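This briefing sets out selected structural features for a computational chemist. Please read it alongside the sequence and the coordinates.

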Amino acid sequence: MPRRPSWTPLSPTTPPWTCCPPDPQLRGSSCTCGRYRCRHVAALVLATDPPDGPRPAQTEAAPDDAPTEEPLDARTQQWLASFTETRSAARGRQFELRYVLRFLPPGTSVGGTRRVAVQLTRVPLRAEQPDLSAAERYSLPRNLASAPAFVRRDTHLLRLLDVATTATHEPGRWQDELHVLGDHPAADLLIESMLESGRLCWERPEAALTRGPDLHGHLAWMSDARGAQAPTLHLPDAPGATVLPTPRPWAVQPPRRAARPC
């Protein structure tokens, strides 16, 4: 027959209750079953009446004992504040894109016509002013959604650039990407959009172009150094203008830094 547990006086590690002082005889009792906090001790505590006397007054925890919240680090606070504060158009911008329009070298012409291309340039901003001395070439990212903020600012324009141009490279410099303007119907819209951005330049990042009034011209014949003749567009009102070979002719006047449709 299994042996029933018996009680021997020992000193427990925890008081049986916290509402009233424990009875001395209860404090010196323990069970021989060998289990920690066994059910026999719990039954003894529940069956024992609390001692006579007033209940001890419960003391509230001091304010200093309340758990304190650890302050967030500065980077996390700045990140949380970015969801509520109103940002200006140029807040946080460190770079801007410029679109440099220029002719490709004569050796890359097709059918005797020189091609015109767009070169992306990244310009740093110092106190919201472009630092043109530190301008550098920039390649169009494959995924605009994960591109830097200054690139995502021109998402619509860059997608139009990808559709209306043909990607090529600088002769002898395959790491330098160029975007050739051809006969795509959206080429005219691309030039208009780049002019509206205020960051379309001619040959250099510092030579920004503005849109001028429309020009009127007529077809004429032009002779080269070898005597060969080719049709061209003659512009009486802009004799020194450079005509771009696009579906809708555009003329660039470098002294005035103006681009004018013909």
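**Exposed loop after strand 4**

Glu128 is exposed, its relative accessible area being 57%; exposed denotes a relative accessible area over 50%, buried under 20%, and partly exposed in between, with a 1.4 Å probe and protein chains only. The model is predicted: local features need pLDDT of at least 70, side-chain atom pairs count only at pLDDT 80 or more, and totals for chains, interfaces and linings use all residues. Residues are numbered from 1 along each chain as its sequence is written, and side-chain values use heavy atoms, with hydrogens and water left out.

- Glu128 lies in the loop between strand 4 and strand 5, where helices (H or I, at least four residues) and strands (E, at least two) are DSSP runs numbered from the N terminus.
- Although Glu128 is not a glycine, its phi is positive, at about 65°.
- Ala127 is placed in the loop between strand 4 and strand 5 (129–130) and is exposed, at 75% relative accessibility.
- Ala127 also has a positive phi, of about 55°, although it is not a glycine.
- Most residues other than glycine have a negative phi.

**Overall composition**

- The protein chain contains six helices and 15 strands.
- Of the 262 residues in the protein chain, 30% are buried.
- Contact means heavy atoms within 4.5 Å. Among contacts in the protein chain between residues at least 6 apart in sequence, 49% join residues at least 24 apart.

**Salt bridges**

- There are seven salt bridges in the structure, each defined as a side-chain nitrogen of Lys or Arg within 4 Å of a carboxyl oxygen of Asp or Glu.
- One of them joins Glu136 to Arg122, with 2.1 Å between the closest N and O atoms. This pair links distant parts of the chain, with Glu136 in strand 6 (residues 136–137) and Arg122 in strand 4 (residues 116–126), 14 residues apart.
- Both partners are partly exposed: Glu136 has a relative accessible area of 36%, and Arg122 has a relative accessibility of 21%.
- Arg199 and Asp154 form a salt bridge through their side chains, at 2.7 Å from N to O. The two residues are 45 apart and link distant parts of the chain: Arg199 is in the loop between helix 6 (187–197) and strand 9 (200–202), and Asp154 is in the loop between helix 4 (149–152) and helix 5 (155–164).
- Arg199 is buried at 7% relative accessibility, and Asp154 is buried at 6%.
- A further salt bridge connects the side chains of Arg126 and Asp131, at 3.4 Å from N to O.

**Packing of helix 5 and helix 6**

- The axes of helix 5 and helix 6 are 10 Å apart and meet at an angle of about 150°. Axes are lines fitted to C-alpha atoms, for helices over the stretch in contact, and angles run from 0 to 180 degrees between N-to-C directions.
- Helix 5 and helix 6 are therefore roughly antiparallel; angles over 145 degrees count as roughly antiparallel, under 35 as roughly parallel, 65 to 115 as roughly perpendicular and the rest as oblique.
- The crossing of helix 5 and helix 6 is left-handed, that is, the near helix is turned anticlockwise from the far one by less than a right angle.
- Helix 5 contributes Leu157, Leu160, Leu161 and Ala164 to the contact, and helix 6 contributes Ala187, Leu189, Leu190, Ser193, Met194 and Ser197.

**Helix 6 and its surroundings**

- Eight of the eleven residues of helix 6 are buried, so this helix is largely enclosed by the rest of the structure. The buried residues of helix 6 include Asp188, Ile191 and Glu192.
- Leu195, in helix 6, is buried at 9% relative accessibility.
- Beyond its neighbours within four places in sequence, Leu195 contacts Leu200, Leu209, Thr210, Arg211, Trp250 and Ala259. The C-alpha atoms of Leu195 and Leu209 are 6.9 Å apart, and these residues are 14 apart along the chain.
- Gly198, just after helix 6, has a positive phi of about 75°.

**His179 in strand 8**

- His179 belongs to strand 8 (residues 173–181) and is buried at 4% relative accessibility.
- Not counting residues up to four places away in sequence, His179 touches Val116, Ala117, Val118, Leu120, Leu140, Leu161, Thr165 and Thr166.
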